[in-house]
Amino acid sequence: MDINNPAGFGNRFVARILDLIIIFIVTGFISLLIYGEFYNDTNFRPIDILGFIYALIIPVFWYGYTLGRRMAGNRIVRVDGKKVGIGTMILRDLVAGIAYILTLGIGLIVSAFMVGLREDKRAIHDFIAQTYVTTNPPNKGG
């Protein structure tokens, strides 16, 4: 396992905030077109799943980046050096999300400390999916 230039807590946090802002604005405008209102926190609508799909699919096709990650300068990679695939992203986002819910958020707090304190900056979801977040650009030739 060769982990190079792991992204720290601040960098990963900024990327997540940027992604949340992007998701909120895009889904808000789509919601405005479809439902006539930009935001509704009382009813679940199919449009609400777009953010999850964005986080799951975009890194598979864009070398581990999302728009927020690209702006913050980090991306998700597998510890074996291969590109992340849909299975990796499902493990990272869905399975880890379920684990965080089952621990009532304690797992998420532990993950934040892991990213802040560990040398390899890996969180629980990184261990589940065998990934890490790096500031290295992709090797597009490989």
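Helices here are DSSP runs of H or I with at least four residues, numbered from the N terminus. By that rule Val115 belongs to helix 5. The model is a predicted one.

## Helix 5 and Val115

Helix 5 covers residues 106-117, which makes 12 residues. From its first C-alpha to its last it reaches 16 Å, close to the 16 Å expected at 1.5 Å a residue. Gly107, Ser111, Met114 and Val115 are buried in this helix. They sit on the same side of helix 5 because they cover an arc of only 95° around the axis. Ile106, Ile109, Phe113 and Leu117, on the other side of helix 5, are exposed. The packing partners of the buried residues of helix 5 are helix 1 (9-35), helix 4 (86-102) and helix 6 (124-129).

Why does Val115 count as buried? Its relative accessible area is 5%, and buried means under 20%. Apart from neighbours within four places in sequence, Val115 is in contact with Ala7, Gly8, Phe9, Arg12, Lys121, Arg122 and Ala123. Val133 stands 18 residues from Val115 in sequence, and the C-alpha to C-alpha separation of the two is 9.8 Å.

## Asp126 in helix 6

Asp126 is part of helix 6. Asp126 has a relative accessibility of 0% and therefore counts as buried. With neighbours within four places in sequence left aside, the contacts of Asp126 are Arg12, Arg92, Lys121, Thr131, Tyr132 and Val133. Arg12 and Lys121 are also among the contacts of Val115.

## Helix 2

Helix 2 (50-61) has 12 residues and spans 16 Å from first C-alpha to last, close to the 16 Å expected at 1.5 Å a residue. Its buried residues are Gly51, Tyr54, Ala55, Leu56, Pro59 and Val60. These buried residues pack against helix 1, helix 3 (67-72), strand 1 and helix 4. Tyr63, just after helix 2, takes a positive phi of about 55°.

## Pockets

Rolling a probe the size of a water molecule over the atoms shows where empty space is left. The two pockets with the greatest volumes are set out below.

| Pocket | Volume | Lining residues | Lining by class |
|---|---|---|---|
| Largest | about 910 Å³ | 32 residues | 21 nonpolar, 5 polar, 6 charged |
| Second largest | about 390 Å³ | 23 residues | 9 nonpolar, 7 polar, 7 charged |

The largest pocket has a volume of about 910 Å³. Which residues are the closest to its centre? They are Arg16, Asp93, Tyr100, Leu108 and His125. Helix 1, helix 2, helix 4 and helix 5 are the elements that give two or more residues to the lining of the largest pocket.

In the second largest pocket, Arg75, Val77, Gly81, Lys82 and Asn139 lie nearest the centre. Strand 1 (75-78) and strand 2 (131-134) are the elements that give two or more residues to this lining. Strand 1 supplies the largest share, 4 residues.

Helix 2 and helix 5 thus both appear in the lining of the largest pocket.

Key. Residues are numbered from 1 along each chain as its sequence is written. This is a predicted model: local features need pLDDT of at least 70, side-chain atom pairs count only at pLDDT 80 or more; totals for chains, interfaces and linings use all residues. Side-chain values use heavy atoms; hydrogens and water are left out. The expected span of a helix is 1.5 Å times one less than its number of residues. Buried means under 20% relative accessible area, exposed over 50%, partly exposed in between (1.4 Å probe, protein chains only). The arc is that of the directions from the helix axis to the C-beta atoms. Contact means heavy atoms within 4.5 Å. On a 1 Å grid over the protein atoms alone, a cavity is a set of points where a 1.4 Å probe fits but cannot get out, and a pocket is an open set with protein on both sides within 12 Å along at least five of seven lines; lining residues have an atom within 4 Å of a point. Grid points are joined across faces, edges and corners, and a volume is the space filled by probe spheres set on the points. Ala, Val, Leu, Ile, Met, Phe, Trp, Tyr, Cys and Pro count as nonpolar, Asp, Glu, Lys and Arg as charged, and the others, Gly among them, as polar.
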